[in-house]
Amino acid sequence: MKKINVKILGTGSYVPEKVLTNADLEKMVDTSDQWITERTGIKERRIIDKSQNLSDLAFEASKKAIEKSKISISDIDVIVVATVSGDMPFPATACILQKKLVSNAVAFDISAACSGFMYGLSIAKSFIESGSYKTVLLVGGEVLTRITDWTDRNTCVLFGDGAGAMVLQASETENDVLSVHLGADGTYTNLLNIPAGGTAMQTTHETVDNKLQFIKMSGKEVFKIAVVKMTEATQKALEIAGKKDEDIALYIPHQANLRIIEAVGKRLGVAKEKVYVNVHKYGNMSSATTIIALDEAITSGTVKKGDLVNIMAFGGGLTWGAAVLKI
Ligand code: ACO
């Protein structure tokens with residue numbers, strides 16, 4: 001039987017219009033533009049409008065990706081949404097998106113926090129290569145600002161909202177997903193989580209009073225593991241793809257913190273100019289960061305057709321992953 005390859009047909013992204021600057025945050029919590037800039041590299045982030053939900057951001061990003069892919073919505077067999085901030089605990093935001101797109105695709109969400117897009121890539125690749133499905137719409141999207149404690153300066157300066165989408169399709173000739181490498185370590189679930197609102201700790205007046213429905217993070221510990229695991233995942237993804245640094249036009253790391261991005265670049269020994277940064281504009285958008293950055297790099301001409309890109313992510317779980325893609 002002939003091998004089925006995976007072609008990337010198109011990407012799209014969408015961020016809400018409202019901008020929240022570090023100066024705005026100075027008025028909300030005991031922080032400063034200087035601290036946020038020096039410790040994270042973030043200058044501003046986008047905040048979703050009250051009238052919108054994640055499915056709306058995902059819809060806008062998906063429309064652009066579908067348009068660029070020159071397919072019709074009826075061509076999509078599967079919709080996968082990677083998110084930890086979906087419209088509802090269930091049903092899946094992918095089902096709500098399916099309705100908005102007027103599609104009849106199979107639809108489900110995946111939960112791998114900031115690594116969600118990497119996990120989604122692996123699922124899309126496997127679906128297509130196995131012959132199960134031909135065309136997959138993969139979305140990474142978050143409204144982290146709705147699961148953020150706006151009185152906690154340790155976390156509220158870090159996050160933003162946005163969504164990115166990619167259409168992948170079976171191809172006899174072109175192979176654009178050269179490798180995907182994933183990892184997870186559940187012994188670190190305590191470092192980054194939302195304690196309440198699941199079935200282990202149901203929502204009560206007490207959990208709400210204690211703000212346990214919001215993201216809790218041990219930033220320092222997460223930082224150290226992020227640097228090590230993103231570096232290792234990237235090296236592994238390159239090895240699986242049989243590629244070296246000189247083959248890679250651009251590295252797109254998860255945009256959580258400029259210091260993490262720089263530390264990973266240094267460990268990998270890659271030129272600073274080859275490492276994409278947009279964390280100053282958007283903050284950490286979890287599963288949306290890498291796909292929005294990739295779409296930006298394509299749209300701005302930072303990468304051109306045929307270039308190889310290495311994307312990598314790290315997040316709650318803890319989870320991590322990296323992939324080598326041909327654009
Ligand atoms: N403004 C001013 N001071 C602050 C702020 C703030 N916004 N936040 C914390 N501080 C203070 C702390 O209270 C602490 O003060 P202390 O020394 O008196 O106790 C001091 O600054 C230093 O705090 P650290 O935690 O040591 O700061 P650090 O340099 O580690 O930076 C940060 C914190 C930005 C959170 C960093 O650790 C980080 O980026 N971690 C990783 C985040 C990440 O990658 N997450 C994974 C993805 S997220 C997801 O999956 C949803």
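Here are five short exercises with worked solutions on this predicted model.

**Exercise 1: aromatic rings**

Work out how the rings of Phe108 and Phe127 are arranged, and which residues link up into a cluster.

*Solution.* Start with the whole structure: a search turns up three aromatic pairs. Now take Phe108 and Phe127, whose ring centres are 6.2 Å apart, with planes at 85°. Planes over 60 degrees apart count as edge-to-face, so that's the label for this pair. Next, see where the two residues sit: Phe108 is in strand β5 (residues 106–110) and Phe127 is in helix α5 (residues 116–129), so the pair ties together parts 19 residues apart in sequence. Then carry on to Tyr133, which forms an edge-to-face pair with Phe127, at 5.1 Å between centres and 75° between planes. Put the steps together and you get a cluster of Phe108, Phe127 and Tyr133, linked by ring pairs.

**Exercise 2: how open is the cluster?**

Decide whether Phe108, Phe127 and Tyr133 are buried, partly exposed or exposed.

*Solution.* You need the cut-offs here: buried is under 20% relative accessible area, and exposed is over 50%. Phe108 has 25%, so call it partly exposed. Phe127 comes in at 22%, which also makes it partly exposed. Tyr133, with 28%, gets the label partly exposed too.

**Exercise 3: the largest nonpolar core**

Find out which residues touch the most other members of the largest nonpolar core, and which element gives the largest share.

*Solution.* A bit of background first: in soluble globular proteins, nonpolar side chains tend to be buried together. In this model, the largest such core has 40 residues, and Tyr251, Val264, Met312 and Phe314 touch the most other members. Look next at the elements supplying at least two residues each: α8 (219–241), β11 (248–253), α9 (258–268), β12 (308–315) and β13 (319–326). The largest share is from α8, with nine residues. Now check the domains: domain 1 (5–174) and domain 2 (178–326) each give at least three residues to this core. Don't stop there, though, as a separate second core has 31 residues, including Val6, Phe117, Val180 and Ala313.

**Exercise 4: two polar side chains**

Compare the surroundings of Gln169 and Asp109, starting with burial.

*Solution.* Take Gln169 first: it belongs to strand β7 (residues 161–171). Its relative accessible area is 16%, so Gln169 is buried. Its side chain makes a polar contact of 2.8 Å with the side chain of Thr135. Beyond its close sequence neighbours, Gln169 also touches residues including Asn5, Leu9 and Ile71.

Now turn to Asp109, found in strand β5. With a relative accessible area of 26%, Asp109 is partly exposed. Its side chain reaches two backbone nitrogens: that of Thr93 at 2.7 Å and that of Ala94 at 2.9 Å. Setting aside residues up to four places away in sequence, Asp109 touches Val81, Thr83, Ala92, Thr93 and Ala94.

**Exercise 5: around the ligand**

Identify the residues that come nearest to the ligand, then look for polar side-chain atoms beside its nitrogen and oxygen atoms.

*Solution.* There are 26 residues around the ligand, and Thr31, Arg39, Cys114, Lys220 and Asn257 come nearest. For nitrogen, a polar side-chain atom of Thr31 lies 2.7 Å from a ligand nitrogen atom. For oxygen, try Arg39: an N or O atom of its side chain is 2.6 Å from an oxygen atom of the ligand. Arg259 also has a side-chain N or O atom 2.8 Å from a ligand oxygen atom.

Notes. Residues numbered from 1 in each chain as written. Predicted model: local features only at pLDDT ≥ 70, side-chain atom pairs only at ≥ 80, totals over all residues. Heavy atoms only, no water. Phe/Tyr/Trp six-rings, centres within 6.5 Å; stacked < 30°, edge-to-face > 60°. Helix = DSSP H or I, 4+ residues; strand = E, 2+ residues; numbered from the N terminus. Buried < 20%, exposed > 50% of the residue type's maximum accessible area, 1.4 Å probe, protein only. Core = buried A, V, L, I, M, F, W, Y, C linked by side-chain atoms within 4.5 Å. Domains from an automatic or database assignment. Polar contact = N/O pair within 3.5 Å; in protein donor to acceptor, adjacent residues only side chain to side chain. Contact = heavy atoms within 4.5 Å. Near = heavy atom within 4 Å.
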